[in-house]
Every structure is written in C-alpha cells, then in structure tokens.
Amino acid sequence: MAIDRVPELKRCRALGIEPAVIGRSRQSKRQVRRTNRKVSEYGLQLREKQKAKFIYGVLERQFRNYYEKAKKMPGVTGENLLTLLERRIDNVVFRLGLANTRRQARQIVTHGHITVNGKRVDIPSALVKVGDQIAVCEKSSTNEFFKALKETNNALSAPAWLEADQANLKGSVTRYPTREEIDVPVNEQSIIELYSR
C-alpha cells in the first residue's frame, strides 16, 4: 500500500492552503517565498487536483477512480466527486470529531476501532450510505485516546449531513452532503477540466 509521507505543513505551504483545513492547529514558521512567475491554466488545474488529493489523503489512481465514478453518476461531476470524497469512512470519522486530523482518522479506521452498522470496518476508503451508524468499538472505547475524547468533547462540530453523539462516541449519516456544506478550498471544476483534456 502506498502512503504519502510528505510533511503536512510543508505541503500546505506549497499548495497555499491553511493547516486548519486538514485539522492542524499549528502554523508553519517559515515564510512563503512569493515569485512573480505566471502559472499556466494547466498548472492551476493541477494545483487544484493536488489540493483535493492532499486534503483527503488519496493517491492518484484512487482519485482517478473517484472521478470515473463521479462522471457516471447523475448530476454535476465536480460536486459528485467531492461528495464521494466526503463519504469516505476516514473523512466521516474526522467530521464526527472522533479524530483530530484525517490522517489520524485513517489510522483509527485501519486499526479496526470503528464499526459501521455494528460491523467492524478497517478500510479507510469505504463509502458510507444514508442511514449508516458509525461508532467506536466497545472494546476500543476503553482506550485512553477515546476516554480523553469523551471528556474533552472535541471542538469540531459535525456538519449538517451528519448527526453526532459525542458522549457515546458515535454518529449517523442523515443524508449526503451538498456542495455548500463541503468546506474544502478546492475548485472542483478545474479538476474536471484537467481530467477531460
């Protein structure tokens, strides 16, 4: 399995996104060097794709597969693509406030701490459906991390398409997200234009 091991703050600086987008509260101390070099249209489209891949922790082949799937779905392809990325179980765990970052959420899922409708899930790319119940395993809820999470009541508020129960470390999917509810700073139309070249 391929893993992106690029330091997060360095990548945020390179792509021009705030670390808060990926769940990091720290800011980079380094100054961003501004150059007056003009970026081509292709360069801008590529940057948007790299932003989306980095934010959701997806590598190229998997991202391409999401695009192909989004293209076949009814509706606007760009919005479908972002909806598919939002429906990933690692993203849902992050959105419910059960993890501080998407990388941490991915690790929590991979280690088998999460159940969907009572069944343990260890594949971070699994997509959730409307009505799915996401919870921390009973055995895992005695873990120090989850105990602390219960007491601190994580500051991340779940979006409107999710229903979170922080006290019991669980939540449910009430509906699929709309584009207005997806707060990632990505221009999805540029990604679609890049792939349809």
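In strand E5, the bridge partner of Asp165 is Lys170, and I would like to start from that pair and work outwards; helices (H or I, at least four residues) and strands (E, at least two) are DSSP runs, numbered from the N terminus. What we are looking at is a predicted model, in which local features need pLDDT of at least 70 and side-chain atom pairs count only at pLDDT 80 or more, while totals for chains, interfaces and linings use all residues. Residues are numbered from 1 along each chain as its sequence is written, and side-chain values use heavy atoms, with hydrogens and water left out.

Strand E4, residues 162-165, and E5 pair in the antiparallel sense over 4 bridges, where pairing requires that DSSP finds at least two bridges between two strands. E4 and E5 form a hairpin with 4 residues between them, and in the turn Leu169 has a positive phi of about 55°. Lys170 of E5 is also the bridge partner of Ala135, and strand E3, residues 133-136, is joined to E5, residues 170-173, by 3 bridges in an antiparallel arrangement.

Stepping back, the 5 strands form an open sheet in the order E2-E1-E3-E5-E4, with antiparallel pairing. Strand E2 (119-121) and E4 stand at the edges with a single partner strand each, so one side of each is left without a neighbour in the sheet. Neighbouring strands of this sheet are turned by 25° against each other on average, direction ignored, the axes being lines fitted to C-alpha atoms, for helices over the stretch in contact, with angles that run from 0 to 180 degrees between N-to-C directions. At the E2 end of the order, E1 and E2 run antiparallel and are joined by 3 bridges, with Thr115 opposite Arg120 in E2.

Just before E1 there is a loop to look at: His111 is found between helix H6 (102-110) and strand E1 (114-116). Is His111 buried or exposed? His111 counts as exposed, because its relative accessibility is 53%, and the terms here are buried for under 20% relative accessible area, exposed for over 50%, and partly exposed in between, with a 1.4 Å probe and protein chains only. The C-alpha atom of His111 is separated by 9.9 Å from that of Pro124, which is 13 residues apart from it along the chain.

Now for the helices. The protein has 8 helices and 5 strands, and along the sequence the pattern reads α-α-α-α-α-α-β-β-β-α-β-β-α. Buried residues make up 43% of the 197 residues. The largest nonpolar core has 23 residues, and those with the most contacts inside it are Ile55, Tyr56, Phe63, Leu81, Leu85, Val184 and Ile191; such a core is a set of buried Ala, Val, Leu, Ile, Met, Phe, Trp, Tyr and Cys residues joined through side-chain atoms within 4.5 Å. Helices H1 (8-15), H2 (41-56), H3 (60-72), H4 (77-86) and H8 (188-195) each supply at least two residues of this core. Apart from it lies another core, of 22 residues, among them Ile89, Ala105, Val109 and Val128.

Two members of the 23-residue core deserve a closer look, Ile191 and Leu81. Leaving aside its neighbours within four places in sequence, Ile191 is in contact, that is, with heavy atoms within 4.5 Å, with Glu48, Lys49, Ala52, Phe63, Leu81 and Val186. Leu81 is one of the buried residues of H4, a helix that is mostly covered, with 9 of its 10 residues buried. What covers those buried residues includes H2, H3, helix H5 (89-95), H6 and H8.

Finally, the charged side chains. The structure holds 11 salt bridges, each defined as a side-chain nitrogen of Lys or Arg within 4 Å of a carboxyl oxygen of Asp or Glu. Lys51 and Glu48 meet in one of them at 3.4 Å, N to O, and being 3 residues apart in helix H2, they are separated by about one helical turn. Lys51 is buried, with a relative accessible area of 11%, and Glu48 is buried at 13%.

Glu60 and Lys53 meet at 3.0 Å, N to O; Glu60 is partly exposed, with a relative accessible area of 30%, whereas Lys53 is buried at 18%. Lys49, Lys53 and Glu60 are linked in a network of salt bridges. I close with the salt bridge between Glu188 and Arg179, at 3.1 Å, N to O, where both residues are buried.
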